[in-house]
Amino acid sequence: MERTVEEPPTSAVLLDHCHFSQVIFNSVEKFYVPGGDITCFYTFTQHFIPRRKDWIGIFRVGWKTTREYYTFMWVALPSDLTKDLTKQQEVQFKAYYLPKDDEYYQFCYVDQDGVVRGASIPFQFRPETEEDILVVTTKGKVEEIEQHNKELCKENQELKDSCATLQKQNSDMQADLKRKQEELETLQSTNNKLEEKVKEQKAYWETELLQMKENNQKVSSENEKMGVRVDQLQAQLLTQEKEMEKLVQGDQNKTEQLQHLKSENDQLFISLTEQKENQKKLQQTVEEMKQKETTAVKKQQKLTDENFELSRRLSENKILFDILQREKERVEKENNLLKEENRRLLSYMGLDSLSIQMPTSTQGGAERNPGLVYGNPYSGVQESSASSLLSKKCLTCNSDFADEICDHSLEQQQTESLSLNCPICSKVFSAKEKQIFEDHVYCHSL
């Protein structure tokens, strides 16, 4: 396999050791002779599936990010991903691209997201000397190390599942909060529309009421004028009657004039009657206008009551939104605490895995391996770390733990911290009764 010009996918993020056990490197020598090609052997675990852009790089010991590789080769995908994953895979590095110094290097398997999935033990590029000592590891030690590796993988998977559950809960709460915000925005939009409609209706009724008042004033003014006219006609009628009596008494020749005056009087009386009927009709019109005004006032009052009810519901929804916001912040704090605890556990696992790479010392330094800076990774350290892990017991489940870490005590602290308090009546609900708590708070708003 030839090296291509295309750069591999890397990441600038500082990495931990939580994924280093998904690809296992086999038959890694403690040193390789310069000037020759080397073959890297590795196998996949059952929980890892390779992808097209995965690559294996040679890193100088002490690297921090995947961008610090010295050289790399692309990984060849198995022909059958369901059957060939358990078989040993290999990739060959050409001598031209290998380091020329005697520093310590290691193989690292990096996926197409730039995440390290496996790392080998350190090795050097130097000629073999007589001082190199063959280190023999017993089968029991190997089985013990493999069992310890399986336990670490299982614990890592449990932590991943717990983290995924917390992330799902967080996403569900964010979706619920988004839905509440959309409902609040809908209510606000409806309220604004109703307020605009109320304003328009109010302006319309005020304009109509003003017009009715003007019409009423005009009718009143005409009625007063007609009353004055009636009084004038009545006074004129009296005057004419007096004149008629005088004319009857004074001169019979004026009979025709008297008849004429009577006829005019009759016409004036009919006109007065018609004017009275018109006045009654105007009064009926005024009464109808007053009834319309009363109806308009009632409608305006009804719209005002509806606006008040919508404002009250909006305030209650805002209170509920604040409650959910505080609940979200509290859950985020708890999530951050759990993440911190998870990082502490992962850091503890990382320190434990690094401790097996420290050099071991013997009496007088006679048996120290000069070919390895960190010594033999399979000798002695596991027993000391295992004994330190078994140094304490949990008082609840009587199980062994280290650094005062117990899942039962952690779970109890988390359960005690996850409580829901009603902001209205201060009633306390447990975290498992979240739906009951939401229904209880909603009942206060009804």
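Start on the surface: select Ile49, Leu77 and Leu81, which make up a nonpolar patch with about 260 Å² of accessible area together. Keep in mind as you click around that this is a predicted model.

Stay on isoleucine 49 for a moment. You'll find it in the loop that runs between β3 (38–44) and β4 (55–60). Its relative accessibility is 56%, so isoleucine 49 counts as exposed, the cut-off being over 50%.

Now head inside. Select Tyr42, Ile56, Phe93, Phe107 and Tyr109: these have the most contacts within the largest nonpolar core, a set of 22 residues. Colour the strands next, since β1 (23–26), β3, β4, β6 (89–93) and β7 each put at least two residues into this core. Which strand gives the largest share? That's β3, with four residues.

Time for the rings. Searching the whole structure turns up 24 aromatic pairs. Pick tyrosine 105 and phenylalanine 125 as an example: the ring centres are 5.8 Å apart and the planes meet at 65 degrees, so this pair is edge-to-face. The two rings tie together distant parts of the chain, with tyrosine 105 in strand β7 (residues 105–110) and phenylalanine 125 in strand β9 (residues 124–125), 20 residues apart. Are they buried or exposed? Both tyrosine 105 and phenylalanine 125 are buried.

Jump to tyrosine 204 and tryptophan 205 for another pair. Here the centres are 5.6 Å apart with planes at 65 degrees, so this one is edge-to-face too. Tyrosine 204 has 48% relative accessibility, so it counts as partly exposed.

To see how ring pairs chain up, select Phe25, Tyr32, Tyr42, Phe44, Phe48, Tyr70, Phe93, Tyr105, Phe107, Tyr109, Phe123 and Phe125, which they link into a cluster.

Rings have charged company as well. Show lysine 53 and tryptophan 74: the lysine lies over the face of the tryptophan, 5.2 Å from the ring centre. Then bring up arginine 126, whose charged end sits over the ring of phenylalanine 31 at 4.8 Å from its centre.

Last stop: glutamine 283, in helix α2 (residues 255–355). With a relative accessible area of 45%, glutamine 283 is partly exposed. Add serine 220 to the selection and draw a C-alpha to C-alpha distance: it comes to 9.2 Å, although glutamine 283 and serine 220 are 63 residues apart in sequence.

Conventions. Residues are numbered from 1 along each chain as its sequence is written. This is a predicted model: local features need pLDDT of at least 70, side-chain atom pairs count only at pLDDT 80 or more; totals for chains, interfaces and linings use all residues. Side-chain values use heavy atoms; hydrogens and water are left out. Patches are made of residues with over 30% relative accessible area and no salt bridge: like charges are joined within 9 Å, nonpolar side chains (Val, Leu, Ile, Met, Phe, Trp, Tyr) within 5 Å. Accessible areas come from the Shrake-Rupley method with a 1.4 Å probe; for residues, only the protein chains shown count as cover. A salt bridge is a side-chain nitrogen of Lys or Arg within 4 Å of a carboxyl oxygen of Asp or Glu. Buried means under 20% relative accessible area, exposed over 50%, partly exposed in between (1.4 Å probe, protein chains only). Rings of Phe, Tyr and Trp (its six-membered ring) pair if their centres lie within 6.5 Å; planes under 30 degrees apart count as stacked, over 60 as edge-to-face and the rest as tilted. A charge sits over a ring if NZ of Lys or CZ of Arg is within 6 Å of the ring centre and within 35 degrees of the ring normal. A nonpolar core is a set of buried Ala, Val, Leu, Ile, Met, Phe, Trp, Tyr and Cys residues joined through side-chain atoms within 4.5 Å.
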